[in-house]
Amino acid sequence: MEENNLQCSSVVDGNFEEVPRETVIQFKPPLYRQRYQFVKNLVEQHEPKKVADLGCGDTSLLRLLKVNPCIELLVGVDINEDKLRWRGDTLAPFLGDFLKPRDLNLTITLYHGSVVERDSRLLGFDLITCIELIEHLDSGDLARFPEVVFGYLSPSMIVISTPNSEFNPLFPSVTFRDSDHKFEWTRMEFQTWALYVANRYDYSVEFTGVGEPPAGAENVGYCTQIGIFRKNGGKAMESCVSEQYDQHVYKAVFTTSYPSLQQERFFKLVLVNEVSQQVESLRVSHLPRQKKQDGEWGDKPKDSKAPCPCFGPVFTEVEKAKIENSPKPFCVGDKFFVPLQRLLAYPKLNRLCANEEMMRSVIADSIPLSSDGSAVVSDLRDYFDEQF
């Protein structure tokens, strides 16, 4: 059911109210985006490494979360295998992901299976989300759901969203919001269930939601109600399970891994490229001073302009001081030398490399170094310099 641009009518919280037929409920952004953004904000706040979305559907939430740098394992589970296969490719890395690798590894896997089946590959997760899922479960599956998700998987945090049936009278001719829904709970019904489950499996729970009601109907609450469950003690169940207890009942239908700086080949590409760019920037900056020292500008008219400085990154005062206090580039004949210690003073390279030895060992077979290996060496002038 479309949760946007719906006319208000009928009752609010059991009391009949006259609501103009032309009144329209407009969720901006659309309600499904508000739900996904809620999860994204939670991820940014708590920085989980392992996240699973049960009932992932068209994988929209996974696509939103995969850009978060803290996540290293992202899993989606759904009963619709065809949809998983169809949407899997949208989770694969793009060209830009190879040009600018992540800091941390990221693996994304889609599993075909039921959320009330136990699969040990989902043990030890930091966050499990169930967005608009439980209302699709029949009574038998709903009874098994807490045993599997809270009892067996036992992640650090669980987020469950479900329709708030008290909001439904604001929609025209609505009983259930989707023909596949087996039930839709009031706030009291959801909270009663959630508190019972939380108490039984040693979780705490807080309630919130998304989808503000229109003016005059504030008493019905959010359109989507949300429960945030946190494991008491804060830690998920250990993911290392003895082989005899391994249960792999889900069918993996898609998996992909993203390039990252934790992978040697991508780390080397990024480091060599960054060193080369920084050396070239320093060379170009040094060249006008060198030409002036060599007297090449002595006969130029007074109104002749020196090359404009290149635009570069903005450094903090602390970063500037660190750069200035590092060994300066120098020339020997027609060769330009940039000490590795100078390169390590720049924030980007300092973040990539812990020390001089590490930088030297990675770039040695790709970039010319001085005889003692303490500096990068390049020609002071190149073909393009001679053209201007």
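Colleague: Ser204 stands opposite Arg230 in β11; what makes β10 and β11 count as a pair of strands?

Modeller: Strands, like helices, are DSSP runs numbered from the N terminus (E over at least two residues for a strand, H or I over at least four for a helix), and two strands pair if DSSP finds at least two bridges between them. Between β10 and strand β11, residues 224–231, there are eight bridges in the antiparallel sense, so the requirement of at least two is met. Please keep in mind that this is a predicted model, in which local features need pLDDT of at least 70, side-chain atom pairs count only at pLDDT 80 or more, and totals for chains, interfaces and linings use all residues. Residues are numbered from 1 along each chain as its sequence is written, and side-chain values use heavy atoms, with hydrogens and water left out.

Colleague: Which strands stand at the edges of the sheet that holds this pair, and why are they called edges?

Modeller: The open sheet has eight strands in the order β10-β11-β9-β8-β5-β6-β7-β12, and its pairing is mixed. At its edges stand β10 (203–210) and β12 (251–258), because each has a single partner strand and one side of each is therefore left without a neighbour in the sheet. From one strand to the next the twist averages 15 degrees, an angle taken between N-to-C directions on a scale from 0 to 180 degrees, with axes fitted to C-alpha atoms.

Colleague: How do you know that strand β8 is largely enclosed by the rest of the structure?

Modeller: A residue is buried under 20% relative accessible area, exposed over 50% and partly exposed in between, with a 1.4 Å probe and protein chains only. Five of the five residues of β8, which spans 127–131, are buried, so the strand is largely enclosed. In a regular strand the side chains alternate between the two faces of the sheet. In β8 both faces are covered, with Leu127, Thr129 and Ile131 buried on one side and Ile128 and Cys130 buried on the other.

Colleague: Which strands pair with β8, and in which sense?

Modeller: Strand β5 (residues 50–54) is joined to β8 by three bridges and runs parallel to it, with Ala52 standing opposite Ile128. Strand β9 (residues 157–163) also pairs with β8 in the parallel sense, over five bridges, and there Leu127 stands opposite Met157.

Colleague: What makes the contact between Lys40 and Glu44 a salt bridge?

Modeller: The term asks for a side-chain nitrogen of Lys or Arg within 4 Å of a carboxyl oxygen of Asp or Glu. In this pair the N to O value is 2.5 Å, so the contact falls within the cut-off. Lys40 and Glu44 are separated by about one helical turn, because they are four residues apart in helix α1 (residues 31–46). Lys40 is buried at 17% relative accessible area, whereas Glu44 is partly exposed at 40%.

Colleague: What makes the salt bridge of Arg351 and Asp103 one that ties together separate parts of the chain?

Modeller: Their closest N and O atoms are 3.0 Å apart. Arg351 lies in helix α10 (residues 347–352) and Asp103 in the loop between α4 and β7 (106–112), so the pair ties together parts that are 248 residues apart in sequence. Arg351 is called exposed because its relative accessible area is 55%, while Asp103, at 40%, is partly exposed.

Colleague: Where do Asp379 and Lys335 lie, and why are they called partly exposed?

Modeller: Asp379 forms a salt bridge with Lys335, with the closest N and O atoms 2.5 Å apart. Asp379 is in strand β15 and Lys335 in strand β14, so parts that are 44 residues apart in sequence are tied together. Asp379 has a relative accessible area of 42% and Lys335 one of 33%, so both are in the range between buried and exposed. Elsewhere, salt bridges that share partners join Glu81, Arg85 and Lys251 into one network, and a search of the whole structure finds 16 salt bridges.

Colleague: How many bridges join β14 to β15, and in what order do the strands of their sheet stand?

Modeller: Five bridges join β14 (residues 335–339) to β15 in antiparallel fashion, and one bridge partnership is that of Pro339 with Ala375 in β15. Their open sheet has three strands in the order β13-β14-β15, with antiparallel pairing. The edge strands are β13 (330–332) and β15 (375–379), each of which pairs on one side only.
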